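Please work through the exercises below with the sequence and the three-dimensional view side by side, trying each task before reading its solution.

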Amino acid sequence: MKKIVTLSLIAAALAVSACNTVAGVGRDVQAVGGAVTSGAEEAKN
């Protein structure tokens with residue numbers, strides 16, 4: 001029983017950290033997209 005609880009806690013910790021990582025990557029990609037858009041607008045003018 002102790003092993004099941006330990007494995008469940010480890011799995012939950014990994015799931016939470018994975019969600020944070022994916023969210024961070026999403027923000028990074030969004031920031032790059034904004035920079036590309038700004039660069040394109042400046043080049044157009």
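**Exercise 1: Ala15**

Decide whether Ala15 is buried, exposed or partly exposed, and find the element that holds it.

Solution. In this predicted model, Ala15 has a relative accessibility of 41%. Buried would require under 20% and exposed over 50%, so Ala15 counts as partly exposed. The next step is to place the residue along the chain, and here Ala15 lies in helix 1. As a last step, look from Ala15 to Gly26, which is 11 residues apart from it along the chain, and note that the two C-alpha atoms are separated by 17 Å.

**Exercise 2: The start of the chain**

State where Met1 is found, how accessible it is, and which residues make a nonpolar surface patch with it.

Solution. Begin with the position: Met1 is found in the segment before helix 1, and that helix covers residues 2-44. Turn then to accessibility, where Met1 counts as exposed because its relative accessibility is 79%, and exposed means over 50%. Finally, Met1 joins Ile4, Val5 and Leu9 in making a nonpolar surface patch of about 470 Å².

**Exercise 3: The whole chain**

Describe the protein chain by its helices and strands, its dimensions and its surface.

Solution. Counting the elements gives one helix and zero strands. The C-alpha trace spans about 65 × 5 × 5 Å along its principal axes. Of the 45 residues in the protein chain, 2% are buried. The protein chain exposes about 4,000 Å², and 70% of this area is supplied by carbon and sulfur atoms.

Definitions and conventions
Residues numbered from 1 in each chain as written. Predicted model: local features only at pLDDT ≥ 70, side-chain atom pairs only at ≥ 80, totals over all residues. Heavy atoms only, no water. Patch = residues over 30% accessible without salt bridge, like charges linked within 9 Å, V, L, I, M, F, W, Y side chains within 5 Å. Areas by Shrake-Rupley, 256 points an atom, 1.4 Å probe, with all protein chains shown as cover. Salt bridge = Lys/Arg side-chain N within 4 Å of Asp/Glu carboxyl O. Helix = DSSP H or I, 4+ residues; strand = E, 2+ residues; numbered from the N terminus. Buried < 20%, exposed > 50% of the residue type's maximum accessible area, 1.4 Å probe, protein only.
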